[in-house]
Amino acid sequence: MTEERRVVLQELAQKLVPDGDIALDLLHTALIHPSYVQEHGGMTNQRLEFLGDAVVGLVIANYFFCQYPEDDEGKLTQRRATVVCEEALAHAAERLGIGDLMLFGKGESAHGGAKRASNLADAMEAVCAAVYLSMGLAPLEGILDRLLGPELQMVADGYYGDYKTRLQEYVQACDHGQVVYRLQDSRGPDHAKYFTTEVWVNGERLGVGKGRSKKNAERAAAFEALVHFGLEKKH
């Protein structure tokens, strides 16, 4: 590992856990995409990703278990699925600038690997595994609470579950016409966009949703449409 690389990793470690003690060799491995190893040899981040997937799931499951004592297994599962998913983890990685720190092969790099959601989500899980192996579970609770804050707030506001599918199925079953989502507005820099989306059914606007991604904005808009049809209640 070069001295320049070490400095960059130390900066990332400080962002994750100020004054913490994250092993830089683990953090380095967490950011190595398989395409890089195909060209240069060494170890990919896939083993760390495997562990990180379980660790992140445990931390978030415990958070919801404690936060929502009245929820049954089904609701807890829906809440967790909204946060522990590729989209949310990719956004968390973007907030840390992980894409710019990853090592890719030439082909993957040339085709936008640093911005690909699957790569970012995998690296985020691998980074979480590096933190866990270095310092245990406790620091991860604060890290994930901070980096997944918008998604956790969305769940707290009641926007979780597959509202888009439910709306589509209801509209088709009742022959209400076609569901159309229209992007109304997007603001902010590329790494922190905020989207506003409308949902129209049979030519009528039935909901407006906001979110940190187009998908989350559409999900929130679909929830509003379900409220209109009496299938959901405002939280």
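In what order do the three strands of the open sheet stand, and is their pairing parallel or antiparallel? The views below are of a predicted model.

**View 1. The three strands form an open sheet.** Their order is 1-2-3, and the pairing is antiparallel. The edges are taken by strand 1 (179-187) and strand 3 (204-211). Each of these has a single partner strand, so one side of each has no neighbour in the sheet. From one strand to the next, the twist averages 20 degrees.

**View 2. Strand 1 pairs with strand 2 (residues 194-201).** Eight bridges join strand 1 and strand 2 in the antiparallel sense. One residue pair to look for is Tyr-181 and Val-199: Val-199, in strand 2, is the bridge partner of Tyr-181.

**View 3. Helix 11 and the sheet.** Helix 11 spans residues 163-173 and lies across strand 1 and strand 2. The helix runs at about 145 degrees to strand 1. Helix 12 also packs on the sheet, where it touches strand 1, strand 2 and strand 3. The direction of helix 12 makes about 140 degrees with that of strand 3.

**View 4. Helix 12 is mostly covered.** The helix has 15 residues, and 11 of them are buried. Among the buried residues are Asn-216, Glu-218, Arg-219, Phe-223 and Leu-226. Several alanines of helix 12 are buried as well, including Ala-217, Ala-220 and Ala-225. From its first C-alpha to its last, helix 12 reaches 21 Å, close to the 21 Å expected at 1.5 Å a residue. Just after helix 12, Gly-230 takes a positive phi of about 80 degrees.

**View 5. Lys-215 in helix 12 (residues 214-228).** Lys-215 has a relative accessible area of 46% and is therefore partly exposed, as this value lies between the 20% and 50% cut-offs. Along the chain, Lys-215 and Glu-87 are 128 residues apart, while their C-alpha atoms are separated by 8.7 Å.

**View 6. Asp-71 in the loop between helix 4 (46-67) and helix 5 (73-83).** The relative accessible area of Asp-71 is 16%, which is under 20%, so Asp-71 counts as buried. The side chains of Asp-71 and Arg-79 are joined by a polar contact of 2.4 Å. Leaving aside neighbours within four places in sequence, Asp-71 is in contact with Leu-76 as well as Arg-79.

Conventions
Residues are numbered from 1 along each chain as its sequence is written. This is a predicted model: local features need pLDDT of at least 70, side-chain atom pairs count only at pLDDT 80 or more; totals for chains, interfaces and linings use all residues. Side-chain values use heavy atoms; hydrogens and water are left out. Helices (H or I, at least four residues) and strands (E, at least two) are DSSP runs, numbered from the N terminus. Buried means under 20% relative accessible area, exposed over 50%, partly exposed in between (1.4 Å probe, protein chains only). A polar contact is a pair of N or O atoms within 3.5 Å; within protein, one must be able to donate a hydrogen and the other to accept it, and residues adjacent in sequence count only if both atoms are side-chain atoms. Contact means heavy atoms within 4.5 Å. Two strands pair if DSSP finds at least two bridges between them. Axes are lines fitted to C-alpha atoms, for helices over the stretch in contact, and angles run from 0 to 180 degrees between N-to-C directions. The expected span of a helix is 1.5 Å times one less than its number of residues.
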